[in-house]
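Please look at how the ligand is held in this model, starting with its surroundings and ending with individual contacts.

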Amino acid sequence: MTRTPFLPSRAAGLDRLARFQAHMGRTYARSRNHDYGRHDHSRVSQLSPWIRTRLITEQETVAAALARHSFSSAEKFVQEVCWRTYWKGWLQHRPSVWSSYIEARNAAFAEARADTRLSETYEAALNGRTGIAVFDAWMTELAETGYLHNHARMWASSIWIHTLRLPWALGADHFLHHLIDGDAASNTLSWRWVAGLHTEGKTYAARPANIETYAATRFRAELGPDWRRGLDRLVMPAAPIAGFPNPPASRLPEISASPAGPVGLLLCEEDLHPASLIPATSQVRAVAGVCFADARSPRGASGPAGEFSRGAVDSGLCAAAQLWAAPATRLDDTAPLGEALQAWARDHMLTDLVIAEPPVGWARTQLDPLRLELARIGLTLHYLRRDWDKQFWPHAQRGFFALKKKLPAILDRLELTG
Ligand SMILES: Cc1cc2nc3c(=O)[nH]c(=O)nc-3n(C[C@H](O)[C@H](O)[C@H](O)COP(=O)(O)OP(=O)(O)OC[C@H]3O[C@@H](n4cnc5c(N)ncnc54)[C@H](O)[C@@H]3O)c2cc1C
């Protein structure tokens, strides 16, 4: 299958979706765990940058799978797409897990500045110079391409935490900085899961035999006969990291319906397909786009990650402006957002603004206080929740298994059947 680079447009996402559609059945279930390296990630879809920004939605991805395959053939692929929804829903019920990650990350950066051993190991990991050949290759691939195969993310994060004994929050930050699909829920909660914090006491240990089964072809070709160098250092079994217990699930905040009158539509990189959120007949008077890409990490977003996010916002903005024949404004990422939004609302005589509900993460951290600031001057920023999220999130309070059991019934309600 020919691969296109990650182009930040819905057209490019739909093109990749169509090309991968034939592979979403049993072929995916059989071969998805193999990491054949950056030149051959063809066993997986690499759709995550588009799904993460909702340039293409989970719903249409699952619809594409079930249009071509029966549910039983495409079940694995559908479940993987729903893992993203599960992580988001789980974090939505426990926003304090995001804030405790931010605290842990900031504390770990301070510790690394003060501790020479830690800062040297951290630098070696970032730059792929640890002497564990496969880990170093994954770190280089991550920095150069902004993407890693799921199994590689699992192995690399496990080695980071359990073998190099680096703080998990520094690893999560490093991934977020580089990943084009960088996502608050999927990233933070996957790192916590590997560390043994998500499922209490259960860690993920990278095992040489498992790496051999699923990645030896890649590494023999890339690194030669010495590719196993350092694998004897891998720590097994991996002991869970102490601290950061899961708080109980809180209720999801109530969400209002879209207002009936004229609205201003605000878009950010969390959800860029308003055409499937708001009826085409809505009175969208103006559209504005803002990108929070650099707020994901104290190091900002890497070149490829930032470019994708900004390009994705521009693409979503342009499509929405065309759909509603409304003027489009790209808000300056570096200026105070409250003032820019007020000026934009004034120019278009708006009192009601709408945005797809931002999931817990860095964009929401910016938008929640802004919403209060706008309310004080009579501007309402309405958060709109997708049917997909309404259906799935209530089942994302415990483990993934609980959600998986409900999957056929939910897909039925969403009129998605194989
Ligand atoms: C430590 C760690 C960090 C991660 N960080 C991120 C992140 O920041 N952003 C992100 O989008 N994903 C993250 N993931 C999840 C997963 O690795 C990627 O979504 C997946 O590799 C994307 O590649 P793909 O599109 O080819 O996946 P495919 O195998 O083709 O799967 C199809 C779609 O299903 C979803 N999906 C698949 N696996 C997962 C999963 N384990 N969790 C959540 N969704 C999944 C994605 O939307 C993906 O595009 C992380 C996983 C780990 C172990």
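The briefing below covers the placement of the ligand, the make-up of its shell and its polar contacts.

This is a predicted model, and in it the ligand sits in the largest pocket. Domain 1 (10-92 + 392-413) and domain 2 (99-233) both give residues to the shell around the ligand, and it therefore lies between them.

**Shell around the ligand**

- The elements that contribute two or more residues to the shell are α3 (48-52), α5 (71-92), α9 (150-163) and α11 (184-195), and of these α5 gives the most, with six residues.
- Sorted by class, the shell has 13 nonpolar residues, together with nine polar and five charged ones.
- Among the 27 residues around the ligand, those that come nearest are Tyr28, Ser45, Gln46, Arg84 and Asn150.

**Polar contacts and burial**

- On the side-chain side, an N or O atom of Tyr147 is 2.8 Å from an oxygen atom of the ligand.
- On the backbone side, a polar atom of Leu47 is 3.1 Å from an oxygen atom of the ligand, while a polar backbone atom of Asp181 is 2.8 Å from a nitrogen atom of the ligand.
- The ligand exposes 820 Å² when taken alone, and the protein buries 97% of that area.

Conventions: Residues are numbered from 1 along each chain as its sequence is written. This is a predicted model: local features need pLDDT of at least 70, side-chain atom pairs count only at pLDDT 80 or more; totals for chains, interfaces and linings use all residues. Side-chain values use heavy atoms; hydrogens and water are left out. A residue is near a molecule or strand if one of its heavy atoms lies within 4 Å of it. A polar contact is a pair of N or O atoms within 3.5 Å; within protein, one must be able to donate a hydrogen and the other to accept it, and residues adjacent in sequence count only if both atoms are side-chain atoms. Accessible areas come from the Shrake-Rupley method with a 1.4 Å probe; for residues, only the protein chains shown count as cover. On a 1 Å grid over the protein atoms alone, a cavity is a set of points where a 1.4 Å probe fits but cannot get out, and a pocket is an open set with protein on both sides within 12 Å along at least five of seven lines; lining residues have an atom within 4 Å of a point. A molecule sits in a cavity or pocket if more than half of its atoms lie within 2 Å of its grid points. Helices (H or I, at least four residues) and strands (E, at least two) are DSSP runs, numbered from the N terminus. Ala, Val, Leu, Ile, Met, Phe, Trp, Tyr, Cys and Pro count as nonpolar, Asp, Glu, Lys and Arg as charged, and the others, Gly among them, as polar. Domain bounds come from an automatic or database domain assignment.
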